[in-house]
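Below are some notes for a colleague who has not looked at this model before. They are set out as numbered points and can be read beside the structure.

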Amino acid sequence: MKIWKKSEKHWHTPLKGSDRPLRRLLVCRPDRLGDMVITTSCLEPLRRCLPDVHLTFAVRDAFLPLLRGNPHVDELLGIPAGAQVQELCASWEGKTWDAVAHLNPDPVMEEVSQQTGVPIRVGYSRGKRERL
């Protein structure tokens with residue numbers, strides 16, 4: 001699978017490292033309830049397009065009960081309210097992903113994905129958070 005990035009006006013430049021097979025994908029949405037609920041609509045198409053990929057969905061701890069039993073998610077990860085980078089890195093130690101999709105710009109989650117060595121990071125860039 002190739003993952004593409006936007007170059008000028010066209011999506012045509014493959015991302016570095018995207019030639020390797022995608023086996024494990026982390027989808028992050030650590031913000032408000034309504035935003036997380038809307039985001040769940042992308043899980044079924046992701047599953048349909050990537051049937052063999054292990055799909056992990058990371059959301060606030062409080063929202064985990066709403067997602068349990070979702071047939072399109074292989075694993076749920078809770079993000080405690082106010083969690084800091086080192087805390088999340090320690091609690092997710094040993095977990096690996098080939099790519100992460102940040103569906104909301106969140107500096108803590110962006111830093112966690114960098115520190116845990118996720119090679120492909122996709123998401124929004126806002127202001128100083130253009131490092132994705």
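1. The largest nonpolar core in this predicted model holds 16 residues. Leu25, Met36, Phe57 and Val59 have the most contacts inside this core. Three elements each give two or more residues to the core: β3 (24–29), β4 (54–60) and α3 (64–67). Strand β4 supplies the largest share, three residues. As background, nonpolar side chains in soluble globular proteins tend to be buried together.

2. Leu25 deserves a separate look. With neighbours within four places in sequence left aside, Leu25 is in contact with Leu46, Leu50, Val53, His54, Leu55, Thr56, Trp97, Ala99, Val100 and Ala101. Besides the largest core there is a second, separate one of 15 residues, and Cys28, Ala58, Leu88 and Val112 are among its members.

3. On the overall layout, the protein has five helices and seven strands. Read from the N terminus, the order of elements is β-β-β-α-α-β-α-β-α-β-α-β. Of the 132 residues in the protein, 36% are buried. Contacts between residues at least 6 apart in sequence can be sorted by separation, and 47% of them join residues at least 24 apart. The accessible surface comes to about 7,900 Å², with 52% of that area belonging to carbon and sulfur atoms.

4. Which residues meet Glu75 in a salt bridge? One partner is Arg24, with an N to O distance of 3.8 Å. This pair links distant parts of the chain, since Glu75 is in strand β5 (residues 75–79) and Arg24 is in strand β3, 51 residues apart. Glu75 also meets Lys95 in a salt bridge, at 2.7 Å from N to O. Lys95 lies in the loop between α4 (85–91) and β6 (99–102) while Glu75 is in strand β5, so this pair ties together parts that are 20 residues apart in sequence.

5. The three residues of the previous point can also be described by their exposure. Glu75 has a relative accessible area of 17%, under the 20% limit, and therefore counts as buried. Arg24, at 25% relative accessibility, is partly exposed. Lys95 is partly exposed as well, with a relative accessible area of 27%. A charged side chain that is buried, Glu75, thus has a salt bridge to Arg24 and another to Lys95.

6. The count of salt bridges comes to seven. One of them joins the side chains of Asp35 and Arg32, at 3.3 Å from N to O. Both of these residues belong to a network of salt bridges that links Arg29, Asp31, Arg32 and Asp35. Asp35 is partly exposed at 23% relative accessibility, whereas Arg32 is exposed, with a relative accessible area of 55%.

7. Is Thr39 buried or exposed? Thr39 lies in helix α1 (residues 33–39). Its relative accessible area is 7%, and since the limit for buried is under 20%, Thr39 is buried. Neighbours within four places in sequence aside, Thr39 is in contact with Arg29, Phe57 and Leu103. Two of these contacts lead back to earlier points: Arg29 is part of the salt-bridge network, and Phe57 is among the residues with the most contacts inside the largest core.

8. How many aromatic pairs does a search of the whole structure find? The search finds one. An aromatic pair is described by the distance of the ring centres and the angle of the planes. For Trp92 and Trp97 the centres are 5.9 Å apart and the planes stand at 75 degrees, so the pair is edge-to-face. Trp92 is buried, at 4% relative accessibility, and Trp97 is buried at 5%. Trp97 is also one of the residues in contact with Leu25.

9. Not every nonpolar side chain is in a core. Leu33, Val37 and Leu66 form a nonpolar patch on the surface, and together they have about 270 Å² of accessible area. Leu66 is found in helix α3. At 57% relative accessibility, Leu66 is exposed, because the limit is over 50%. Helix α3 also gives two or more residues to the largest core.

Terms used: Residues are numbered from 1 along each chain as its sequence is written. This is a predicted model: local features need pLDDT of at least 70, side-chain atom pairs count only at pLDDT 80 or more; totals for chains, interfaces and linings use all residues. Side-chain values use heavy atoms; hydrogens and water are left out. A nonpolar core is a set of buried Ala, Val, Leu, Ile, Met, Phe, Trp, Tyr and Cys residues joined through side-chain atoms within 4.5 Å. Buried means under 20% relative accessible area, exposed over 50%, partly exposed in between (1.4 Å probe, protein chains only). Helices (H or I, at least four residues) and strands (E, at least two) are DSSP runs, numbered from the N terminus. Contact means heavy atoms within 4.5 Å. A salt bridge is a side-chain nitrogen of Lys or Arg within 4 Å of a carboxyl oxygen of Asp or Glu. Patches are made of residues with over 30% relative accessible area and no salt bridge: like charges are joined within 9 Å, nonpolar side chains (Val, Leu, Ile, Met, Phe, Trp, Tyr) within 5 Å. Accessible areas come from the Shrake-Rupley method with a 1.4 Å probe; for residues, only the protein chains shown count as cover. Rings of Phe, Tyr and Trp (its six-membered ring) pair if their centres lie within 6.5 Å; planes under 30 degrees apart count as stacked, over 60 as edge-to-face and the rest as tilted.
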